[in-house]
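Let's take a walk through this model together, starting where two chains meet and ending at a few individual residues. Keep the 3D view open as you read.

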Amino acid sequence: MTFSSLLLQQTINGLSLGAMYALLALGFTLIYGILELINFAHFNVFMIGSFVALWVLQGFGLSGQAIVLTGLPLVGVLVAAFAVTMGGCGLLGVAIERVTLRPLRNVTGPAAMITTIGVSYILFNIVLLITSAQTMNFPNPLPPLQWNVGGAVVTLQELLIWGVAPILMLGLWAFVQKSRLGKAMRATAQDPEAARMMGVEVDKVVMTAFFLGSALAGAGGMIFGLYYNFTSFLIGFTAGLRAFTAAVLGGIGNVPGAMVGGILIGLIEAYSGQFIATEWADVIIFSILVLVLVFRPSGLFGRVAPTKS
Amino acid sequence: MLLEFKDIDTYYGDLHVLKKVNYAIEEGEIVSLLGGNACGKSTTMKTIMGVVRPVRGTVIFDGKPIEKLPTAERVKRGIAPVLEARRLFPRMTVFENLEMGAYLRARGPEFDEDLERVYSLFPRVKERRNQIAGTLSGGEQQMVAMGRALMARPRLLCMDEPSMGLSPIFVEQVFDIIQQINKQGTTIFMVEQNANMALQIAHRAYVLQTGQVVLSGNAADLRRDPMIREAYLGEMQVPVT
Ligand SMILES: Nc1ncnc2c1ncn2[C@@H]1O[C@H](COP(=O)(O)OP(=O)(O)OP(=O)(O)O)[C@@H](O)[C@H]1O
Ligand SMILES: [Mg+2]
């Protein structure tokens, strides 16, 4: 392969990874924007998302790469799997907030953040026990289609990811910009006390943020499974940390920043894996994080935190 | 009575801010709350809105106790704030800020009517409706803050220092509009440092000092009161009639 086709190939790979990180990063950013809380449970909501998707696809009788669907059945199965995974993860996020974080809402200091680390470990261990620490083959119902583009290969999986991720992100953007509850979310992020005095119920807004963020993480988890054809109780930490880096890179609390940050991290991972060495990908990603934090502490596009009153 | 405070005590932790405070505001009045810095004026407003809860005492709105109700419920019943330092949502447009004022109300003819009313009171707000609120001038922000509160179609408007940081001409405009709003039927409870102007448009006033009401009465009487003249009207020229 020539350099330019390698570059193109890694751009294709990076965009796919990046779409997944962007979905995950949005969850960090939505919740940070409203509660100024870094939700580490998010890592493993993503991981659980991949398992929910796996179980739904198995429920449709799929296993491994043996059964391939086309046409309407394929679309139906994928839509159903995304819907159940996102709904389930959204509810899981809401439950985590309701049970473990709401009682700490007015406690200052790191208590809430530490709690999310605890919840993350609980989720991790539950799945570890259920799956007996096995790596699972992820059902892939997609036909093994691929196309040659300028010396690089694009698979149907990748086209699916490039279709689904932007639709979800546009949906989120439209919700936050246009819907009544979305506007209440933005208002709360900008000035919680003033929003409250307009009649906004903060609990409802926080629940919405957890639902949306966790649902997107679920979608990310399913995309992980479809892309790598496996899942495991371990996947939350690496992907989660990279997505968190993406959120910080884009400016945590900043929704478009999280999307761009996710894509950047995906590209960096793909390029450094190709042109340097896979083992170096994380070193490079986190070095970039450190550099950004040193020279632009509020991220590339500006950190957005709730205004203190 | 539209709003009453009965022996209200409000604390921040150990800090005792409002001490056995009583207010009584009739429907249709403009009542001004005067007092120096840190005496508890904004805390009064926050106690009305339910952002701060009193430890003792009762707040009565329209005949019913409200001190235990959540803020949203109070807004629903007809109390809306114009907050100290405007507190617009800085990264939302002017129109979105107005929409937030009507957050608990349905869209429809009433919303459109109120929007028209705000636009006719503040033509400038209409002109700027698509501008990001954080980029407005201070005076424009004050108009939006007032418009936003009116979008709740309140019975009681609680204004915290509406003249703060405005040029004298603008202060006069704002006070004119407050009077207009009042004449259209909205009761107004207004914190002000600009005692001179406030006492010109208010029917009555309360004077708060370190969390206690030390003086209250008709605005006209208070303007003649020697203590008020010395402490709050200072070097301002107030005609004694
Ligand atoms: N959230 C809070 N936590 C702790 N103390 C507070 C809080 N808000 C206000 N205070 C304190 O309560 C006292 C009264 O504050 P308040 O804001 O009611 O004063 P104010 O009369 O509005 O003053 P100003 O004219 O300066 O606006 C002040 O000493 C202030 O520091
Ligand atoms: Mg004040």
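How many residue pairs are in polar contact across the interface of chain A and chain B? The rule finds 7 such pairs, with both residues at pLDDT 80 or more; that confidence value is there because this is a predicted model. On the side of chain A that touches chain B, the elements giving two or more residues are helix H6 (180–190) and helix H7 (192–197) of chain A. H6(A) makes the largest share, with 7 residues. Sorted by character, the residues on this side of chain A are 9 nonpolar, 7 charged and 4 polar.

Now for the extent of the interface. Chain A brings 20 residues to the contact and chain B brings 21 residues. Together the two chains bury about 2100 Å², and carbon and sulfur atoms give 58% of that area. Three residues, A:Gln190, A:Met197 and A:Met198, supply 36% of the area that chain A buries against chain B, more than any other three residues. There are also 5 salt bridges between chain A and chain B. One salt bridge pairs B:Lys46 with A:Glu193, where the closest N and O atoms are 4.0 Å apart.

Let's stay with H6(A) for a moment. Is this helix mostly enclosed or open? Of the 11 residues of H6(A), 9 are buried, so the helix is largely enclosed by the rest of the structure. The buried residues include A:Lys183, A:Arg186 and A:Gln190. Their cover includes helix H1 (3–35), helix H5 (156–178), H7 and helix H8 (202–228) of chain A, together with H3 of chain B.

That last helix deserves a look from the other side. B:Glu96 lies in helix H3 of chain B, and with a relative accessible area of 11% it is buried. Leaving aside neighbours within four places in sequence, B:Glu96 is in contact with A:Gln177, A:Lys183 and A:Arg186.

Next, turn to the metal in chain B. Which atoms coordinate the magnesium ion (ligand 2)? The donors are OG of B:Ser42 and two OE entries from B:Glu84, at 1.9 to 2.8 Å. B:Ser42 sits in helix H1 (residues 41–49) of chain B, while B:Glu84 sits in the loop between strand S6 (79–82) and helix H3 (94–101) of chain B, so the pair ties together parts that are 42 residues apart in sequence. B:Ser42 is buried, at 17% relative accessible area, whereas B:Glu84 is partly exposed, at 32%.

The loop that holds B:Glu84 has another point of interest. B:Ala85 is found in the loop between S6 and H3 of chain B, and its phi is near 60°, a positive value in a residue other than glycine. Most residues other than glycine have a negative phi. B:Ala85 is partly exposed, at 43% relative accessibility. Chain A offers another case: A:Asn229 has a phi near 60° and is found in the loop between H8 and strand S4 (230–231) of chain A. At 23% relative accessibility, A:Asn229 counts as partly exposed.

Finally, look inside chain B. B:Cys158 lies in strand S7 (residues 156–160) of chain B and is buried, with a relative accessible area of 2%. Beyond its neighbours within four places in sequence, B:Cys158 is in contact with residues including B:Met45, B:Ile48, B:Val82 and B:Phe189. B:Cys158 and B:Met49 are 109 residues apart in sequence and 8.7 Å apart in space, C-alpha to C-alpha.

How values were computed. Residues numbered from 1 in each chain as written. Chains lettered and ligands numbered in written order. Predicted model: local features only at pLDDT ≥ 70, side-chain atom pairs only at ≥ 80, totals over all residues. Heavy atoms only, no water. Contact = heavy atoms within 4.5 Å. Buried area = accessible area lost by both parts, 1.4 Å probe. Salt bridge = Lys/Arg side-chain N within 4 Å of Asp/Glu carboxyl O. Polar contact = N/O pair within 3.5 Å; in protein donor to acceptor, adjacent residues only side chain to side chain. Helix = DSSP H or I, 4+ residues; strand = E, 2+ residues; numbered from the N terminus. Nonpolar A, V, L, I, M, F, W, Y, C, P; charged D, E, K, R; others polar. Donors = N, O, S within 2.8 Å, 3.2 Å for Na, K, Ca; no water. Buried < 20%, exposed > 50% of the residue type's maximum accessible area, 1.4 Å probe, protein only.
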